[in-house]
Amino acid sequence: WIFIVLMTAIFLIISVLYKVPLTWTYFLAIFGIGIKLEVLLAICLFFSSFVSSFVSLLVSLLIYFLAHTLSFVVYYTTVLKKENYSPVFALAIQWFYHIFPNFTSLSIQDFFDVPFLPTALSGSFGWAILFHLLYISILLFLTIRIINKKQF
């Protein structure tokens, strides 16, 4: 959060110098980025408590990319329905959508009329923040449980 605050200060200074009008959406976007980083940190801590550092990094990166693209996959497979997918595939996508974090819901552009992002999938920014805070709490709880059961 210290680096986010420093980068925000630099952003504000540059914005003032170039006379860019600042709105509250900039700060919501920055807060969403901070929550994404917190979720990613919790995922890294969770996996590093029982696997090697390299595997933890790899899995965390895969989850990061999955968290950014899963809502597009859900949109493409359920809303557009361009092809007939098997029920098992559709069910797997829905499970992934509910198990993994949804970083697209923390992106502020979802709340403006962007044509390729459905408002039904974007939801409310406040609910997205609460969901991700709960996700962080669960991951940290599980991490603490795993570390307490380890014998050093």
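Here are some exercises on the structure above, each with a worked solution.

The model is predicted, so local features need pLDDT of at least 70 and side-chain atom pairs count only at pLDDT 80 or more, while totals for chains, interfaces and linings use all residues. Residues are numbered from 1 along each chain as its sequence is written, and side-chain values use heavy atoms, with hydrogens and water left out.

**Exercise 1. The overall layout**

Work out which secondary structure elements the protein chain has, and how much of the chain is buried.

Step 1. Start with the elements: the protein chain has 6 helices and 0 strands. Helices (H or I, at least four residues) and strands (E, at least two) are DSSP runs, numbered from the N terminus.

Step 2. Reading along the sequence gives α-α-α-α-α-α.

Step 3. Now the burial: of the 152 residues in the protein chain, 32% are buried. Here buried means under 20% relative accessible area, exposed means over 50%, and partly exposed is in between (1.4 Å probe, protein chains only).

Step 4. Turn to the outside. The protein chain exposes about 10300 Å², and carbon and sulfur atoms supply 76% of that. Those areas come from the Shrake-Rupley method with a 1.4 Å probe; for residues, only the protein chains shown count as cover.

Step 5. Finish with contacts, meaning heavy atoms within 4.5 Å. Among contacts in the protein chain with a separation of 6 or more, 65% are between residues 24 or more positions apart.

**Exercise 2. The two sides of α1**

Find which residues of α1 are buried and which are exposed on the other side.

Step 1. Check the helix length. The 16 residues of α1 should span 22 Å at 1.5 Å a residue, and its end C-alpha atoms are 23 Å apart, which agrees. The expected span is 1.5 Å times one less than the number of residues.

Step 2. Pick out the buried residues of α1: Ile-4, Thr-8 and Ser-15. They cover an arc of only 35 degrees around the axis, so they sit on the same side of α1. The arc is that of the directions from the helix axis to the C-beta atoms.

Step 3. Ask what that side meets: the buried residues of α1 pack against α2 (24–48).

Step 4. Flip to the other side of α1, where Ile-2, Phe-3, Ile-13 and Leu-17 are exposed. Ile-13 has a relative accessible area of 52%.

Step 5. Ile-13 also belongs to a nonpolar surface patch with Ile-10, Ile-14, Leu-17, Tyr-18 and Val-20, together about 650 Å² of accessible area. Patches are made of residues with over 30% relative accessible area and no salt bridge: like charges are joined within 9 Å, nonpolar side chains (Val, Leu, Ile, Met, Phe, Trp, Tyr) within 5 Å. A salt bridge is a side-chain nitrogen of Lys or Arg within 4 Å of a carboxyl oxygen of Asp or Glu.

**Exercise 3. What follows α1**

Describe the backbone and surroundings of Lys-19.

Step 1. Place Lys-19: it is in the loop between α1 and α2.

Step 2. Look at the backbone. Lys-19 has a positive phi of about 55 degrees although it is not a glycine.

Step 3. Check the surface: at a relative accessible area of 73%, Lys-19 is exposed.

**Exercise 4. Neighbours of α2**

Which residues of α2 are touched by Ser-60, Leu-139 and Leu-106? Skip residues up to four places away in sequence when you list contacts.

Step 1. Check α2 itself: its 25 residues should span 36 Å, and its end C-alpha atoms are 36 Å apart, which agrees. Its buried residues include Gly-32, Ile-35, Lys-36, Leu-40, Ala-42, Ile-43 and Phe-46.

Step 2. Take Ser-60 in α3 (residues 53–80). Ser-60 is buried at 2% relative accessibility and touches Leu-40, Ile-43 and Cys-44.

Step 3. Take Leu-139 in α6 (residues 125–149), buried at 10%. Leu-139 touches Ala-42, Ile-43 and Phe-46. Leu-139 and Phe-46 are 93 residues apart in sequence, yet 6.2 Å apart in space, C-alpha to C-alpha.

Step 4. Take Leu-106, in the loop between α4 (87–99) and α5 (119–122). Leu-106 is buried at 2% relative accessibility. Its contacts include Gly-32, Ile-35 and Lys-36, along with Phe-125, Ala-128, Ile-129 and His-132.
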